[in-house]
Amino acid sequence: MDPGGAGEPDDERNAEELAEADGPDVDGWDADDERGAVEPADVDEYLAENRRHWEDAAAAHPDTDHYDVAGFLDGASSLHALERRELGDEVCPGTDLLHLQCHFGLDTLSWAREGVTVTGVDFSREAIATARDLAAEAGLADRATFVESGVYDLPDALDGQFDVVFTSYGVLGWLPDLDRWAEVAASFVRPGGTFYLAELHPLTETLPWDFDGGDAAFVRPYFTPAEPSTYEGPGTYADYDLELEHDRSHTWPHALGEILTALLDAGLALEFVHEHPFAVEEQFEGMTRGDDGHWRFESGIEVPLTVSVKATNPA
Ligand SMILES: C[S@@+](CC[C@H](N)C(=O)[O-])C[C@H]1O[C@@H](n2cnc3c(N)ncnc32)[C@H](O)[C@@H]1O
């Protein structure tokens with residue numbers, strides 16, 4: 001199981017199916033980028049296939065135990081202690097917050113329930129439709145807007161700037177070009193405003209999926225390769241047995257230095273970079289949940305499992 005996709009690596013792609021792709025344009029992809037020789041047309045195809053995968057996942061995920069939709073509608077927050085603690089000073093009633101790659105909106109709406117005015121963005125039409133329905137059902141529609149857009153296309157779909165631009169857990173691997181991602185994210189941060197990322201630590205992408213806190217070898221690349229990793233088969237992070245019609249997806253690992261440099265190059269000023277020896281969810285086998293709600297290896301091994309970054313727009 002891969003954190004956002006599924007199954008075993010499989011580089012054999014069905015060219016006919018990919019050619020039928022109906023996906024977003026990938027403005028900003030730089031074919032001359034030093035990281036490799038992936039052509040823009042290929043990237044469009046990869047992203048189109050990812051979007052089909054995410055349409056299916058977004059339709060299935062609200063019914064999984066991973067997402068406690070009933071609990072949310074009863075008043076529970078889906079946010080983790082980490083982002084609430086680290087963003088606590090910036091987010092209060094009246095704050096306006098842009099949530100990139102919001103999936104079907106549970107975290108977005110959990111911020112809204114705290115009085116925050118939220119705008120959630122995702123390229124999955126299904127996810128955005130569900131988010132809008134949940135906003136209405138939870139009585140939060142007056143301060144929640146959801147926009148269907150790819151991250152790279154967002155400047156064409158949304159105007160304005162925000163006090164906080166927020167994105168979390170399982171987002172960066174879906175993006176081939178982090179420089180463009182950072183430019184887009186930074187462009188939506190109001191002068192003096194905050195950018196915040198909480199993400200699976202890039203080191204975890206190199207570990208075997210069945211890593212249990214014992215001996216481990218690096219089995220996947222740390223640095224961004226020319227071609228993405230392709231996964232095919234059942235299961236997503238929300239349900240390891242989930243069968244999706246479009247069960248093939250493509251991800252790009254990004255090293256920590258690449259993430260941070262992209263944010264700096266986009267003009268943001270880093271306030272902190274925290275590497276945490278815990279996961280906010282049960283990411284691997286052999287983990288137990290502590291009283292603080294965080295997951296750690298029973299073996300006691302401490303490897304970086306989560307990274308959080310806070311930056312400001314100094315302009
Ligand atoms: C792992 S989910 C994020 C999950 C979120 N942290 C949560 O628990 O609800 C990743 C999201 O990124 C979205 N996504 C992937 N690639 C995207 C892109 N290029 N532009 C916009 N959204 C994208 C997917 O549709 C999916 O909703």
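This report walks through the fold of one protein chain and the surroundings of its ligand.

## The big picture

First, keep in mind that this is a predicted model. The protein chain has 315 residues, and buried ones make up 43% of them. Its secondary structure adds up to 9 helices and 12 strands.

How do the contacts spread along the chain? Take the contacts between residues at least 6 apart in sequence: 74% of them join residues at least 24 apart.

## The sheet

Now look for the open sheet of 7 strands. Going across, you meet the strands in the order β4-β3-β2-β5-β6-β12-β9, and the pairing is mixed. Which strands stand at the edges? They are β4 (144-148) and β9 (269-276). Each has a single partner strand, so one side of each is left without a neighbour in the sheet. From one strand to the next, the twist averages 15°.

Let's zoom in on the β9 edge. Strand β9 is joined to β12 (residues 306-312) by 7 bridges, and the two run antiparallel. If you want one pair to find in the viewer, try E275, whose bridge partner in β12 is V307.

## A helix on the sheet

Helix α5 (residues 106-113) packs on the sheet. What does α5 touch there? It touches β2 (96-100), β3 (117-122), β4 and β5 (162-168). The direction of α5 makes about 175° with that of β3.

## An enclosed helix

Next up is α8, which covers residues 178-187. Of its 10 residues, 7 are buried, so this helix is largely enclosed by the rest of the structure. The buried residues are L178, R180, W181, A182, V184, A185 and A186.

What do those buried residues pack against? On the strand side, their partners are β2, β5 and β6 (189-200). On the helix side, they pack against α7 (154-157) and α9 (256-265).

## Around the ligand

Finally, have a look at the ligand, which is surrounded by 20 residues. The closest are W54, Q101, H103, G170 and W174. By type, the residues of this shell divide into 10 nonpolar, 8 polar and 2 charged.

Where in the fold do shell residues come from? Helices α2 (40-60) and α5 each supply at least two. The largest share comes from α2, with 3 residues. So you have met α5 twice: it packs on the sheet, and it also supplies residues of the shell around the ligand.

Technical notes
Residues numbered from 1 in each chain as written. Predicted model: local features only at pLDDT ≥ 70, side-chain atom pairs only at ≥ 80, totals over all residues. Pairing = 2+ DSSP bridges. Helix = DSSP H or I, 4+ residues; strand = E, 2+ residues; numbered from the N terminus. Axes fitted to C-alpha atoms, helices over the stretch in contact; angles between N-to-C directions. Contact = placed C-beta atoms within 7 Å. Near = placed C-beta within 6 Å. Nonpolar A, V, L, I, M, F, W, Y, C, P; charged D, E, K, R; others polar. Buried ≥ 20, exposed ≤ 12 C-beta atoms within 10 Å, placed from the backbone.
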